[in-house]
2 protein chains.
Amino acid sequence: MLTIGTLAKKTGTKVQTIRYYEQIGLMPEPDRTEGGQRRYGDAELDRLSFVRHARQLGFSLEAIRELLDLGDHPGKSCAEADAIARRQLKQVEQRLARLKALRTELKRMVQECSGGQTADCRVLEVLRDHSECLTDHEEIGA
Amino acid sequence: MLTIGTLAKKTGTKVQTIRYYEQIGLMPEPDRTEGGQRRYGDAELDRLSFVRHARQLGFSLEAIRELLDLGDHPGKSCAEADAIARRQLKQVEQRLARLKALRTELKRMVQECSGGQTADCRVLEVLRDHSECLTDHEEIGA
DNA sequence: CTTGAAGCTACATACACTGTAGCTAATGGG
DNA sequence: CCCATTAGCTACAGTGTATGTAGCTTCAAG
């Protein structure tokens with residue numbers, strides 16, 4: 001039986017985050033000691049590892065909820081899990097494209113800064129005047 | 001004199017967002033009509049354009065606050081603005097690198113899915129067992 | 001039996017908005 | 001001048017994904 005702290009260490013999660021996952025129903029309510037402390041078994045360790053790994057791959061908690069549910073029904077079609085993963089891949093590719101445009105713009109901004117006074121600063125100038133941008137970039141909220 | 005709605009349209013911002021920026025002190029308190037409605041001039045239009053453009057480039061509101069402050073003092077050294085932009089560029093490059101690793105992993109996951117039952121689903125399997133990953137990826141919170 | 005680490009709950013905070021409810025002002029047409 | 005519509009107003013709650021804090025309790029080792 002693992003304490004919450006041990007589980008946290010084993011999965012690279014903060015203790016609060018585990019309690020948060022429990023609160024939103026992503027992790028089950030575990031057994032408790034007489035004193036009221038949480039104790040976890042291997043099933044919980046596996047589940048939390050799955051969650052953390054999926055989070056590292058950028059899946060939302062909602063997507064993870066679906067994936068967990070699919071995993072709980074071994075007879076179900078794999079197609080849904082595949083769709084979720086494909087959706088995620090697409091999102092990642094979109095973000096990549098946007099970030100690349102941003103990098104270009106930022107690089108240009110920084111390269112042109114001559115180190116003088118802010119009155120002539122290229123960084124501020126570029127920010128002031130969008131028309132100077134060579135690329136499209138619409139990053140907000142990504 | 002522009003209404004908040006016109007300003008919103010011209011800058012591609014939601015009306016609420018403009019009021020939010022005012023609330024957090026990023027935009028000044030504008031003049032009001034007798035009836036209490038906000039009216040904006042060109043200075044505000046410029047300022048908001050600057051803010052939105054910087055947001056599109058991924059700068060945080062805090063960074064933007066600093067940049068605005070630098071812009072208000074034309075005699076100051078450009079170095080600070082440059083440092084902020086460089087910091088931002090570095091962040092973008094880090095995110096790019098991480099996203100590339102993620103894409104690789106997700107692509108592999110999706111390619112291997114044979115479309116059978118979830119019991120044999122490669123997508124779920126990969127998520128279950130981190131050791132199957134070929135690349136490092138530590139995306140959370142990016 | 002004591003001590004100190006680790007656990008507990010409940011609540012606040014972060015970021016950058018977005019949405020809602022319920023009301024008021026401004027504007028254009030008849 | 002009156003009415004309807006559009007746009008504005010405030011105040012507050014909610015989003016997602018945690019993280020931090022205060023003040024208390026339990027557990028395990030010595």
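This is a short talk on how two chains, A and B, sit together in a predicted model.

Okay, let's start with chain A by itself. Chain A has 6 helices and 2 strands, and if you read along the sequence you get α-α-β-β-α-α-α-α. Now look at the overall dimensions. The C-alpha trace of chain A spans about 70 × 40 × 20 Å along its principal axes. And the radius of gyration? For a compact globule of 142 residues you'd expect something near 14 Å, but chain A comes out at 23 Å.

One contact inside the chain before we move on. Arg38(A) makes a salt bridge with Glu22(A), with the closest N and O atoms 2.7 Å apart. That pair ties together distant parts of the chain: Arg38(A) is in strand β2, residues 38-39, while Glu22(A) belongs to helix α2, residues 15-23, and the two are 16 residues apart. Over all chains, a search of the whole structure turns up 18 salt bridges. Keep that number in mind for the interface.

So, on to the pair. How does chain A relate to chain B? A turn of 180° with a shift of 0.0 Å along the axis lays chain A on chain B, with an RMSD of 0.2 Å. That's the relation of a two-fold axis. The same surface is used by both copies, too: 100% of the contact residues of chain A recur in chain B. If you want to find the axis on your screen, go to Leu96(A), whose C-alpha is 3.2 Å from it, the closest approach of any residue of chain A.

Next, the interface. We have 56 residues of chain A in contact with 57 residues of chain B. Between them the two chains bury about 5100 Å², and 71% of that is on carbon and sulfur atoms. What about the salt bridges? Across this interface the rule finds 0 of them. For polar contacts between chain A and chain B, the count is 3 residue pairs, both partners at pLDDT 80 or more.

Which elements of chain A give two or more residues to the side that touches chain B? Those are α3 (42-56), α4 (61-71), α5 (79-112) and α6 (122-128). The largest share is from α5(A), with 19 residues. By residue type, the side of chain A that touches chain B divides into 28 nonpolar, 14 polar and 14 charged.

To wrap up, then: a two-fold pair, about 5100 Å² buried, and 0 salt bridges across the interface.

Definitions and conventions
Residues numbered from 1 in each chain as written. Chains lettered and ligands numbered in written order. Predicted model: local features only at pLDDT ≥ 70, side-chain atom pairs only at ≥ 80, totals over all residues. Heavy atoms only, no water. Least-squares fit on C-alpha atoms with pLDDT ≥ 70 in both. Contact = heavy atoms within 4.5 Å. Buried area = accessible area lost by both parts, 1.4 Å probe. Salt bridge = Lys/Arg side-chain N within 4 Å of Asp/Glu carboxyl O. Polar contact = N/O pair within 3.5 Å; in protein donor to acceptor, adjacent residues only side chain to side chain. Helix = DSSP H or I, 4+ residues; strand = E, 2+ residues; numbered from the N terminus. Nonpolar A, V, L, I, M, F, W, Y, C, P; charged D, E, K, R; others polar. Rg over C-alpha atoms; globule rule 2.2 N^0.38 Å.
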